Amino acid sequence: MAHDYTSTIIWTGNRGSGTSSYRAYDRTWDVAVPGKAVIHCSNDPLLGGDPTKMNPEDLLLSALSACHMLWYLHYASEAKVVVTAYEDSPVGTGEVEKSGAGRFTSAVLRPRITVLDGTDIEVATAIHHRIHEVCFIARSVNFPVSYEPTFVFVAKPES
C-alpha cells in the first residue's frame, strides 16, 4: 500500500536581490507540513549556514534515529522488554568530494535505553538488529547503520 508524505519547503534567504551573486543570499528555508510546527533550517555550518538551525544532514540523522526508536519501542513491548526511557545521540559520518558533492558514509545509533531490573539484555539488544528490516528511513538510506546501545536499569515499581 502506497503512502504519500507532503511537505512545503519555503526559501527564506532572499536579502533583496535574490541570487544575483553567490554571496547575495542566505541558505535558509522553512519546512512547513500542514498542521505541524514550522522548522526553520539553514545550510550546514561548514558551508556557511547558521549553526543554530537544523540542516538537511541533521534532519536525515534525526529521522533515522527517531524511526529506529519507534520500532524499538514497538518490538520491546511485544518482547515484554519494559522501556522507561530512551535517548539517542547518533553520529553520522559524511564525506565531501573535491567537486563539493557530499554524502553520508555511515551512521551509528547510540541509544541509552532505561529498562527494568531483570530485563534479558540479549533480547533487548537483539531487537536492534531486526529494525533495519522494517524502518522506513533505514530501508531508504544507502549507507550502513550500526547500533551501540547502552542499557540503564531501574527498579521495578512496587505493586
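Contact here means heavy atoms within 4.5 Å. The structure is a predicted model, in which local features need pLDDT of at least 70 and side-chain atom pairs count only at pLDDT 80 or more, while totals for chains, interfaces and linings use all residues. Residues are numbered from 1 along each chain as its sequence is written, and side-chain values use heavy atoms, with hydrogens and water left out.

A good place to begin is the overall fold. The chain has 3 helices and 9 strands, taken as DSSP runs (H or I of at least four residues for helices, E of at least two for strands) and numbered from the N terminus. Along the sequence, these elements follow the pattern β-β-β-α-β-β-β-β-α-α-β-β. Buried residues, those under 20% relative accessible area (1.4 Å probe, protein chains only), make up 30% of the 159 residues.

The largest nonpolar core, a set of buried Ala, Val, Leu, Ile, Met, Phe, Trp, Tyr and Cys residues joined through side-chain atoms within 4.5 Å, has 23 residues. Helix α1 (56-78) is among the elements that give two or more residues to this core, and α1 gives the most, with 6 residues. Leu 64 is one of the residues with the most contacts inside the core; among its partners beyond four places away in sequence are Ala 107, Phe 143 and Val 145.

Thr 119 offers a second point of interest, in the loop between β7 and α2 (121-126). Thr 119 counts as buried because its relative accessibility is 15%. Leaving aside residues up to four places away in sequence, Thr 119 touches Val 81, Ala 124 and Phe 153.

Methods: Buried means under 20% relative accessible area, exposed over 50%, partly exposed in between (1.4 Å probe, protein chains only).
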